[in-house]
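Could you walk me through this model, from the overall fold down to a few individual side chains? A short report with headings would be ideal.

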Amino acid sequence: MFEILLTAVFVVLLVNVVVAFVVTARRPVTDRWLLSLLLSGTTGAALVVLLTLLLGPAASSRFPDVAVVLIGLAALTAAVRLTAARTTATTRGVRTRPAPRGGGGGA
C-alpha cells in the first residue's frame with residue numbers, strides 16, 4: 001500500500017514538472033524560465049528521493065547526492081537572478097526598498 005502511494009506521488013510530481021515545462025515553453029515571455037528552473041530543481045529533488053525510497057536497498061547511494069545538487073542549483077540560480085535584478089534596478093535608479101507602512105499619505 002505504501003509503495004502505491006509513493007508511486008502515485010511520484011507520477012503526480014513528474015506530471016507537474018512536464019506540464020510546467022510545456023506551459024513555460026509555449027509562453028511568449030522569456031522571463032518565465034526561472035519558475036521552471038526552480039520547479040525542476042525542487043521537484044526533481046523530490047522525485048529523486050521518492051525514487052530512492054521506491055527502489056529500496058537496491059538504490060544507488062548517489063541518489064541523495066543528486067537531490068542535493070538539484071536543490072543547490074535551484075537555490076543558486078534564484079540567488080543569481082535576484083542579485084542581477086537588484087543590480088539592474090540600482091543602476092537604473094529604481095528604489096529597491098519596500099514602501100513605508102501606512103501608505104505615507106499623511107493624516
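The report below starts with the whole chain and then turns to particular helices and residues.

## Overall layout and confidence

What you have on screen is a predicted model. The protein chain contains 3 helices and 0 strands, and reading along the sequence gives the pattern α-α-α.

A word on confidence before going further: the mean pLDDT of the protein chain is 76, and 75% of the residues score at least 70. Among the helices, confidence is highest in helix 1, at 86, and lowest in helix 3, at a mean of 76.

## Burial, surface and contacts

The protein chain has 107 residues, and 18% of them count as buried. Its exposed area comes to about 8,100 Å², with carbon and sulfur atoms supplying 69% of that area.

How are the contacts spread along the sequence? Taking the contacts with a separation of 6 or more, 62% are between residues 24 or more positions apart.

## Helix 1

Helix 1 covers residues 2-26, which makes 25 residues. From its first C-alpha to its last it reaches 36 Å, close to the 36 Å expected at 1.5 Å a residue. The buried residues of this helix are L6, L13, V17, A20 and T24.

Helix 1 also holds V15, and here the picture is one of partial exposure. V15 counts as partly exposed because its relative accessibility is 46%, which lies between the 20% and 50% cut-offs. Together with V11, V19 and V23, V15 makes a nonpolar surface patch of about 300 Å².

## F21 and the residues it touches

F21 is another residue of helix 1. Is F21 buried, partly exposed or exposed? With a relative accessibility of 41%, it falls in the partly exposed class.

Leaving aside neighbours within four places in sequence, F21 is in contact with S36 and S40. As for backbone spacing, the C-alpha atoms of F21 and L37 are separated by 9.0 Å, and these two residues are 16 residues apart along the chain.

## T43 in helix 2

Moving on to helix 2 (residues 33-55), we find T43 there. Why does T43 count as buried? Its relative accessible area is 6%, and the cut-off for burial is under 20%, so T43 qualifies.

Which residues does T43 meet, once its neighbours within four places in sequence are left aside? They are L13, N16 and V17. Two of these names may look familiar: L13 and V17 are among the buried residues of helix 1.

## F63 in helix 3

Helix 3 spans residues 63-92, and F63 lies in it. The relative accessible area of F63 is 21%, so this residue is classed as partly exposed, given that buried means under 20%.

Apart from neighbours within four places in sequence, F63 is in contact with V48, L51, T52 and L55. For T52 there is also a backbone distance to note: the C-alpha atoms of F63 and T52 are separated by 6.4 Å, with the two residues 11 residues apart along the chain.

Note on methods. Residues are numbered from 1 along each chain as its sequence is written. This is a predicted model: local features need pLDDT of at least 70, side-chain atom pairs count only at pLDDT 80 or more; totals for chains, interfaces and linings use all residues. Side-chain values use heavy atoms; hydrogens and water are left out. Helices (H or I, at least four residues) and strands (E, at least two) are DSSP runs, numbered from the N terminus. The expected span of a helix is 1.5 Å times one less than its number of residues. Buried means under 20% relative accessible area, exposed over 50%, partly exposed in between (1.4 Å probe, protein chains only). Contact means heavy atoms within 4.5 Å. Patches are made of residues with over 30% relative accessible area and no salt bridge: like charges are joined within 9 Å, nonpolar side chains (Val, Leu, Ile, Met, Phe, Trp, Tyr) within 5 Å. Accessible areas come from the Shrake-Rupley method with a 1.4 Å probe; for residues, only the protein chains shown count as cover. A salt bridge is a side-chain nitrogen of Lys or Arg within 4 Å of a carboxyl oxygen of Asp or Glu. pLDDT is the predictor's confidence in each residue, from 0 to 100.
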